[in-house]
Amino acid sequence: MRLPFITSLLSAAITATSLCAAPDGDISDLKPINDWKKLANGVYVASLGETDKLYRYSDLAGAPPKLKALNALPDVPLTKALENDIPTEPDEKIYGYGLQFDKTMRSGKVIELKVDHYSKDGGSTHAPVPFFISSKGYGVFFNTAAYLKIYNQVCNRKDSLSLPKEVDRNPPADEKQAGPWLAVPPSDAVEAYIQGDGIELVGFTGTNLQDIVARYNLYSGGGAMPPLWGLGFWHRTPAKFSAAETEQEIADFKDHNIPLDVIGLEPGWQSKSYPCTFEWQEKRFPDPAAFTQKLLDDGIRLNLWVNPYISKHARIYEDMYPLSGSHTVWLGIAPDYMLPEARKVLLDQHKTDHFDIGISGYKIDECDGYDFWLWPDHATFPSGTPAEVMRQTYGMQLQRMIYKELYQKNNRRTYSKVRASNGAASNYPFVIYSDSYGHDQYVTGISAASLSGILWCPEIRSAKNSREWINRMHTTCLSPMAMLNAWASETKPWTYEDSTDAIRRTIQLRMQLLPYLYTAFARYNQEGIPPVRSMLLETGEAEAQTKSQTRKLDSEEDPYGDGFHQKITEDNTLYMFGPDILVAPFINTQTERKVNLPTGNWYNFYSGKLAGNGTTIIVTAEQTNDMPPLFVKEGSLIPMLKDPVNRTRDMQGAAIEIRQYGTKVRTCQLYEDDTTSFSYLEGEYNLYEFSVENGELTQEKLQQDVEPFYSGYELRKMTEDDAE
Ligand code: GAL
């Protein structure tokens, strides 16, 4: 039996409890944690213990912190004292920790953050980002690529000065219970269990929760900026499709008048897969260069499925063998991409075989767990990087290599997919996807991801019936990536005949909204504001919604009395798409739902009529004509394509319609650039600000550096003057 060296690692490790290391023995040489140092306005760094050999997520970020943008924001001091833990107040709430499928609120929960295939109940998932935000106006990022266990206001210390009062749960008949008995008595701190010699914490402040998350994204290099084509409609073909079958599929999309920008090829494009060769399967794709070019001529980009594990049949196997870890995954070797020489071996092959013929990006699969799929925790890697760190960062290492050293180096943007990510990854134009498929979980993922610099694709794959098909299509079309992944189901947008029209209109709506969405991404890149986001980040919403939480004891429904009254900010069935559109998706086969509209006037996107203000309304699929329920904020101007297009390339020279909702009109921005290169980083873009004066559209050029992209702009007033 082989003896894994986990035991020796453990004995050498400092076992830190409650953030303050409590090693086997000596604590005296650990520095106190409460020495926050200011890095930029609203960004503070503190470290504990020995951090020289720390593996920090921030070292793998796509770009350095955007200090200029951060320092242009107001400085909000971090008053949070850090001692042995992160003290919290009784009414404080903790949110976040990456892409989670169950919820965004974490108070009263223990969360284990480990990259894993997915878990439904919080913790270990594809992107378990160790970053939380607090309702008290600060955020903390644990900048260490270790497995973490975080105790969010649970497990009271015996010396706490604010221990909850004991309550006798079973008093005799003549005595009254002294108050609610709580199964999980809230504690007054966030504590963490960390293995390692030390940790680094990054604290964030801001004027509201959106601002705090924006600063985290700016610290991580600014949000990702996809090429415009990446925001169009994606379709992934069945796993064993050939070039001819793919071309036929594209023709079928055309025949059905369904927009399409990207085709994703699944494993069968490779000569061998699981483990992979990264080389073309010649029987299915006899001339990959001609095939890719033909598609490009038609305005279609190709994306390639890969997983990182290399087959003995691969050309690069021999060169990569000494540069890989001790264990195989899916029987392929697992390269150590901490080593520049390993990155070079892979990228030389990818550049010649893929990039140079016009491949637009990848879907990087299987870089997450489960334990039985991945290398074990005692595996070794030639760079000396511990297996645990490799697991927490493998998805980020792959993103860094493909994005920075292939696409950015050659001045071509990519929008790609990856199944694992982690902290400080906001700058990577990679979208996470999953094998899980619960529709409610997929909708929750949209909000959760937005709190931690992660982009999430609630892809559509299959459905029980045409109603679910429509509802799922709504969700994917109102997310960072609109994608049908038919690798196994072989479904097409027109599979359910009775819903094809609604499906087409939904995808067309996505296309029409692209000027608005692309502008939201530019703000993500420059200002850190997530383009699609949780209601928690709606400016003022978290602060305004201070309805009391009620704890109701109910032996059937809620025996532990922890049923919190749902607030809008924690309602993950609602989210914002861009700055001004609230999405209230129908889930599963719903055709009717309740929507709690926040305070302020909200207008029906389609009719322009007032829908409500701080009220609960019912919306039905009949009312929306099978389109997604969308509500627009008072005074919004929404820049959209006047007419839908089937390819994003047809957006060039198209007419823009700016829809005006409500009467107290605000301004809107519109961003334009060359859509595919990195020139925007040199300031080569246009940024316009539109407003309405005396019923007429006005346009101010905040930045004009490239040829105007659209042909013209016209105002469309959606709300009548006397509507209120
Ligand atoms: C899965 C992946 C699916 C599909 C499949 C192909 O791991 O999540 O989306 O790509 O592999 O074999």
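**Notebook: the enclosed spaces**

I began with what surrounds the largest cavity: its lining residues divide into 10 nonpolar, 2 polar and no charged. A reminder to myself is that this is a predicted model.

**Entry: the search.** I looked through the whole structure for cavities of 30 Å³ or more and found 5. I kept notes on two of them, the largest and the second largest.

**Entry: the largest cavity.** I noted about 90 Å³ of space in the largest cavity. Then I listed who lines this cavity: Ile446, Ala449, Ser450, Gly453, Ile454, Leu455, Trp456, Pro480, Tyr524, Pro530, Pro531 and Val532. Which element gives the most to this lining? I found that helix 9 does, with 3 residues. Helix 9 spans 439-450, and both this helix and strand 20 (455-456) supply at least two lining residues each.

**Entry: the second largest cavity.** I wrote down a volume of about 70 Å³ for the second largest cavity. Around this space I met Phe278, Val306, Asn307, Pro308, Tyr337, Leu346, His350, Tyr362, Ile364, Leu398, Met401 and Ile402. I traced the elements that give two or more residues here, and they are helix 7 (340-353), strand 17 (361-364) and helix 8 (387-408). How many residues make up the largest share? I have 3, and they come from helix 8.

**Entry: residue classes.** I sorted the lining of the second largest cavity by class and got 10 nonpolar, 2 polar and no charged residues. Back at the largest cavity, I had also written 10 nonpolar, 2 polar and no charged.

Conventions:
Residues are numbered from 1 along each chain as its sequence is written. This is a predicted model: local features need pLDDT of at least 70, side-chain atom pairs count only at pLDDT 80 or more; totals for chains, interfaces and linings use all residues. Side-chain values use heavy atoms; hydrogens and water are left out. On a 1 Å grid over the protein atoms alone, a cavity is a set of points where a 1.4 Å probe fits but cannot get out, and a pocket is an open set with protein on both sides within 12 Å along at least five of seven lines; lining residues have an atom within 4 Å of a point. Grid points are joined across faces, edges and corners, and a volume is the space filled by probe spheres set on the points. Helices (H or I, at least four residues) and strands (E, at least two) are DSSP runs, numbered from the N terminus. Ala, Val, Leu, Ile, Met, Phe, Trp, Tyr, Cys and Pro count as nonpolar, Asp, Glu, Lys and Arg as charged, and the others, Gly among them, as polar.
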